[in-house]
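This report addresses sheet pairing, nonpolar cores and internal cavities. The sequence and structure are shown first.

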Amino acid sequence: KKEILGIQYANSLYPTVTIGGEEYKIELTYADNQSDSSKAPTAAQQLVSKGVTAVLGTYGSSCAIAGGPYFEQAKIPAIGTSCTNPQVTQGNDYYFRVCFIDPFQSVADAQFAKKQGVTKAAVITEAGDDYSAGLGTYFVKAFEALGGEVVEVNFQTGETDFSGTMASLASQGIEAIFAPTSIETAPFIIKQAREAGINGCILASDTWDDVSIIQRVVEAGASIDGVYFSTFFIEGDDTNPAANAFAEGFKARLTDNSNSEEISAVTACGYDAYMAIYYALDKAQSTDGATLRDALAALDVPGLVTGDLKFDENGDAIKSYAIIKTATTEGFVFADSVAIE
């Protein structure tokens, strides 16, 4: 839903595109995969049957991976918004994405942990979840390459009691935790880690960019201090005028209140995904799938909301840094910007 809000806002600003001297209205149509990879193929087929020109999304790498082949077969370009698993674009010439990928953000998280003085970290992942497992693997590799030590543990989907795990990790001298897990699991991990005496930083990935985590942790009587995560965008980025203009305009349109709830990074990604298609249509001067795909591959647009936009040979956005946010009782604030060569 938060990604769709960004897409809809972009569409409100750029509702038409001129192709061959004729102005065309850009219409949004939807298919709901319910963030379930088993339902993603059906949703993808629905969009193909509707004859869409391009696809924006989806949320969740597993859904993007499951639906991607249908778009490639139909020669319909797709732009991932926040699906970060490398497999989304690998081997699929028609799938692109505006977000960074998991190896990139895991390196950023590992470098940030090292900068915080962490020498021994735990990596907690959800068994059977490709997103969680992939990020965990990349973090382990990056952190060990930096000279750090890692203890790996995993849990079953739906598990909420981490007290035994946390007690064991505390006894092993764990200084910090990297937990690329779901929004639902986050408050349990944070609260029970603190109760076990693990007082160092708790790191996560872009999934944790949701203020409901703060609300639930505070309601549970635990401290949100020391929680960090990597993400794509933050309000008030003085180095990027487009980000500030987007934040101001989006909030004004959504609520007529520029001081409303902070904007999720995936909303910014939704906006940039729409703009990628918009610029590609303008460049291609065609709605033909193969022509539009080639225009996307050659796209080079400076100064979008999440940074300059250019794709590599896999269709992945070329990024140079990741934003690190930290949690406070008032919301998420900027903590660091980690540059990756």
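The sections below treat the sheet, then the cores, then the cavities of this predicted model.

An open sheet of three strands follows the order S3-S4-S5, and its pairing is parallel. Strands S3 (55-56) and S5 (95-97) form the edges, each pairing on one side only. S3 is joined to S4 (residues 78-80) by two bridges, and these strands run parallel. Within this region, Leu56 lies opposite Ile79 of S4.

Ile79 also belongs to the largest nonpolar core, where it is among the residues with the most contacts, together with Phe246, Leu296 and Leu309. Not counting residues up to four places away in sequence, Ile79 touches Val55, Leu56, Gly57, Tyr95, Phe96, Arg97, Val98, Ala273, Ala276, Ile277, Leu296 and Phe311. The nonpolar cores are set out below.

| Core | Size | Residues included |
|---|---|---|
| Largest nonpolar core | 66 residues | Ile79, Phe246, Leu296 and Leu309 among them |
| Second, separate core | 29 residues | Val151, Ile174, Ile202 and Ile214 among them |

Helix H10 (residues 265-284) gives the most to the largest core, contributing 14 residues.

A search of the whole structure finds two cavities of 30 Å³ or more. The largest cavity has a volume of about 40 Å³. Its lining consists of Phe232, Phe233, Ile234, Asp237, Asn240, Ala243, Val305, Thr306, Gly307, Tyr321 and Ile323. By class, the lining of the largest cavity comprises seven nonpolar residues, three polar and one charged.

Conventions:
Residues numbered from 1 in each chain as written. Predicted model: local features only at pLDDT ≥ 70, side-chain atom pairs only at ≥ 80, totals over all residues. Heavy atoms only, no water. Pairing = 2+ DSSP bridges. Helix = DSSP H or I, 4+ residues; strand = E, 2+ residues; numbered from the N terminus. 1 Å grid on protein atoms, 1.4 Å probe; cavity = no way out; pocket = protein on both sides within 12 Å on 5 of 7 lines; lining within 4 Å. Points joined across faces, edges and corners; volume = space filled by probe spheres on them. Nonpolar A, V, L, I, M, F, W, Y, C, P; charged D, E, K, R; others polar. Core = buried A, V, L, I, M, F, W, Y, C linked by side-chain atoms within 4.5 Å. Buried < 20%, exposed > 50% of the residue type's maximum accessible area, 1.4 Å probe, protein only. Contact = heavy atoms within 4.5 Å.
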